[in-house]
Amino acid sequence: YDRALKVASAVPELQFPVMTYVGRSNALIKLERSDEADQILKHAGEIAARHGARGYQAQLLTQQAIIAHQQAQPDRALSLLAQAGDLARAAGGNRLVAEIALNTAKIQREHNRVTAADQTLREGIQIARSMEERLLLPRLLAGLADLKSSQRRYSEAAALLDESAELMEGLFTSASSPWVQSRLVSGMDEVFLARIRLEGERGEISRMFAAIEQARGRPLLELLVNRPLSDQRRPQELRDGERQIATLQRKLLQTVDRRERRRLLDQIFNAEEQLAPISTALFDRSRRAGPRTRIALRDLQRVLTSDELFLQFALTEPRSYVLVVTKTSARLQRLPGRDTIRGQIEPLLKKLHSGEDVSGDAAGLAGILVGSMPELATRRRLLVSPDAELHHVPFELLTTGDGRLLLDSHVVSYVPSGSVLAVLRSDKPRPASSRHVLAVSASPSGTPGVVPSAKAVSRSVYDLDPAKLRPLPSADDEARSVGRILDAEGATVLLGERATEAELKRQPLAQFDVLHFAVHGIPSTKFPARAALLLHPEGSDDGVLQAREILMLRLNAELVTLSACDTGSGSVHGQDGAASLVRPFIAAGARTVVANLWTADDTFSLTLMREFYRRLATGADIATAMRDAKVHMLKSFGSQAVPRLWSGVLVYGDGGGTVSATKTTESRQE
């Protein structure tokens, strides 16, 4: 941002780089340097005033007001917003006026200025209606609905939220991709939370379930119920564009010149921007005509077994909720507010990653989330649909009333939503696979290091430095073990330089029942569609198998195992959840995905995966096999098996499926 400001100041034609100043201030706020951020915005405001740029002044004052609000200065924040509103009106910026109304009403409500907040929201709604503003109007309606709900005027609140929901349906319909939908859900999170709070206060369980399901895992659900993307004929223009991007990525692998790398990255971004309209058309063609799939609570209960307990969390303020559902019952349990729960989660995860004892923190969090849940004593299988920070929590670490880990007493798996689970379980029976196992290890041959495709990984795109990716010396053994245990004679095992992206795509992927990847995974918070598995490059393929490419694969797998770092993690988009590599694999046709929330230990992963597949070979279902493998590791390694090594490996989707071995004798010998 400092460099951008210098460049902007040196080019008179740019006049006033307002967004650069706002970006710089946001960066400083994240670094907890709010006073510096405020000074930068004040300086930028003076520049804007000299240029007579009232709209820019309004934006900068709004940003200053947000800082004042964070610093517990409500009167200053409201004064700044009032000035911003006057400037925005003078500039004719109606959208900005409506946005300022949203921020103003929020602060007014927090400080019990209810009448003022009501008036502010109504003015904002009137402006947004007059300009047919589709993004702000649902949020303003939800803000007013939340206000009415707090006054127990539930009918008025429901009517406002119904209108807001109808507006959002139109936005979802026109969203260009699942990642755009995810960001849309994230941007509208306050709208969904307003509905959740309303139904929580009313205590209507079926309506609460419907409120959560309106957004929870929605992009994945639409991909599952629509025509597979792999069935869509990709236009020549799209194929040419993808080849161009792959060629640029290959050049990126080969250059060490920093300026050249920047130039190539800019070209890649530009090429992808040009493909966006074509990609949108592809997603549009996959959509089926007719009403969208919406399941009722009874539909979820129909697919649950008698031994399963489904927990659907919704974290909000001033209180959170969990729906507790069995095959024959359902109830709503109130929990503390999101800030309280976050306060329990953060120290737990910090200690978990540093290898410290987490038992006290895990017990405290368990007491909040599941401590008063009698259904746990009568159901052994636990299906969790998490929300917000809970996406990063392995529930197996939580303890029951007698102090035991949930791992000891329960089989735990995770699902994006009840609707996704119902669709996965209502699929038609899968045809018998002609091939059983495909195992891939992209461990580099020769001297220790990482695959060449890591050189195409830019820190401007991904959440890590490719130079810090560690070697995977046990990956080849892991892939071979999977093949021997499950399919001694017929397994397809791609090792070393054979484990290319091109070779993977040449395989008849729809014929494999199990796919196992012992490779590096790289998340991307900024660009979730680029989260990837690192394979070897070959031909025009760069070896970076991205989420958007995974969506185009045709799978028919009972199980995909991503034995790689960070494959279960990703940016959390409000009620939609985490944008991880799990979702594109499920959308492409995997019923269950095993993935890791954080960094994997190569040696420990080899042992855990061998135990996991041995149990699968005996006929155990996927979630039970993983649970039993973890218990075995704890018994075998004792205190050396710290939670960081095993707790992040989770089962997503329908963990009740089975994958038996084709050669039982070989399985036992392995």
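Q: How many helices and how many strands are there in the chain?
A: The structure shown is a predicted model. Both kinds of element occur in the chain. The counts are 28 helices and 14 strands.

Q: What percentage of the 670 residues in the chain is buried?
A: A residue is called buried if its relative accessible area is under 20%. Applied to the 670 residues of the chain, this cut-off gives a buried portion of 57%.

Q: Which residues of strand S4 point one way, and which point the other way?
A: Strand S4 covers residues 381–385. In a regular strand, side chains alternate between the two faces of the sheet. In S4, one group consists of Arg-381, Leu-383 and Ser-385. The group pointing the other way is Leu-382 and Val-384.

Q: Is strand S4 mostly covered or mostly uncovered?
A: The residues pointing either way from S4 are all buried. The count for the strand is five of its five residues. Strand S4 is therefore, with buried meaning under 20% relative accessible area, mostly covered.

Q: Which residue in S4 is the bridge partner of Leu-309?
A: Strand S1 spans residues 308–314 and pairs with S4 in the parallel sense. Five bridges make up this pairing. The bridge partner of Leu-309 in S4 is Leu-382.

Q: Which residue in S5 is the bridge partner of Leu-383?
A: S4 also pairs with strand S5, which comprises residues 411–414. This pairing is in the parallel sense and runs over four bridges. Within S5, the bridge partner of Leu-383 is Ser-413.

Technical notes: Residues are numbered from 1 along each chain as its sequence is written. This is a predicted model: local features need pLDDT of at least 70, side-chain atom pairs count only at pLDDT 80 or more; totals for chains, interfaces and linings use all residues. Side-chain values use heavy atoms; hydrogens and water are left out. Helices (H or I, at least four residues) and strands (E, at least two) are DSSP runs, numbered from the N terminus. Buried means under 20% relative accessible area, exposed over 50%, partly exposed in between (1.4 Å probe, protein chains only). Two strands pair if DSSP finds at least two bridges between them.
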